[in-house]
Amino acid sequence: MLEADSVAASAALRDAVDAGDAAAVNTAIENGADVNSEELWPEGRGNGETAVHIAAANGHVDVMACLLAVPGVDVNGLASEAWTPLALASHAGHDAVVRQL
């Protein structure tokens with residue numbers, strides 16, 4: 001049952017990060033979602049992206065604050081083509097997220 005709960009929490013985290021819903025991100029984290037998982041995203045989207053990469057790329061300031069509060073969150077992970085969350089936020093012009101990171 002724990003594995004099923006973890007899968008459900010990860011799916012909830014993916015949806016919440018995509019939507020920019022900080023409250024739902026917190027709930028998913030409380031329910032056991034792994035913020036460092038590279039397995040959150042559907043095939044073809046992944047390439048090493050974590051929740052932090054997606055929040056950075058989309059400029060989700062409130063979501064990023066939730067993710068950064070998680071002990072052990074990886075803010076330096078490399079996605080495809082060696083993109084870090086900081087590089088993604090900077091490239092997309094999300095200055096507030098750049099400052100957070």
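Let's start with the nonpolar core. The largest one has 23 residues. Which residues have the most contacts inside it? They are Leu13, Val17, Val25, Val35, Val63 and Leu67. Keep in mind that this is a predicted model.

Now, where does that core come from? Helix 1 (2-19), helix 2 (22-30), helix 3 (51-58) and helix 4 each give two or more residues to it. Which helix gives the largest share? That is helix 3, with five residues. As a general point, nonpolar side chains tend to be buried together in soluble globular proteins.

Next, the overall layout. How many helices and strands are there? The protein has six helices and zero strands. Read from the N terminus, the order is α-α-α-α-α-α.

On to burial and surface. The protein has 101 residues, and 38% of them are buried. Its accessible surface comes to about 5,500 Å². Carbon and sulfur atoms hold 50% of that surface.

A word on contacts along the chain. Take the contacts with a separation of 6 or more. Of these, 58% are between residues 24 or more positions apart.

Last, one residue to look at: Ala82. Find it in the loop between helix 4 (61-68) and helix 5 (85-91). Its phi is near 65°. That is a positive value, and the residue is not a glycine. Is Ala82 buried or exposed? Its relative accessibility is 53%, so Ala82 counts as exposed. The cut-off for exposed is over 50%.

To recap: six helices, a largest nonpolar core of 23 residues, and an exposed Ala82 with a positive phi.

Definitions and conventions:
Residues numbered from 1 in each chain as written. Predicted model: local features only at pLDDT ≥ 70, side-chain atom pairs only at ≥ 80, totals over all residues. Heavy atoms only, no water. Helix = DSSP H or I, 4+ residues; strand = E, 2+ residues; numbered from the N terminus. Buried < 20%, exposed > 50% of the residue type's maximum accessible area, 1.4 Å probe, protein only. Core = buried A, V, L, I, M, F, W, Y, C linked by side-chain atoms within 4.5 Å. Contact = heavy atoms within 4.5 Å. Areas by Shrake-Rupley, 256 points an atom, 1.4 Å probe, with all protein chains shown as cover.
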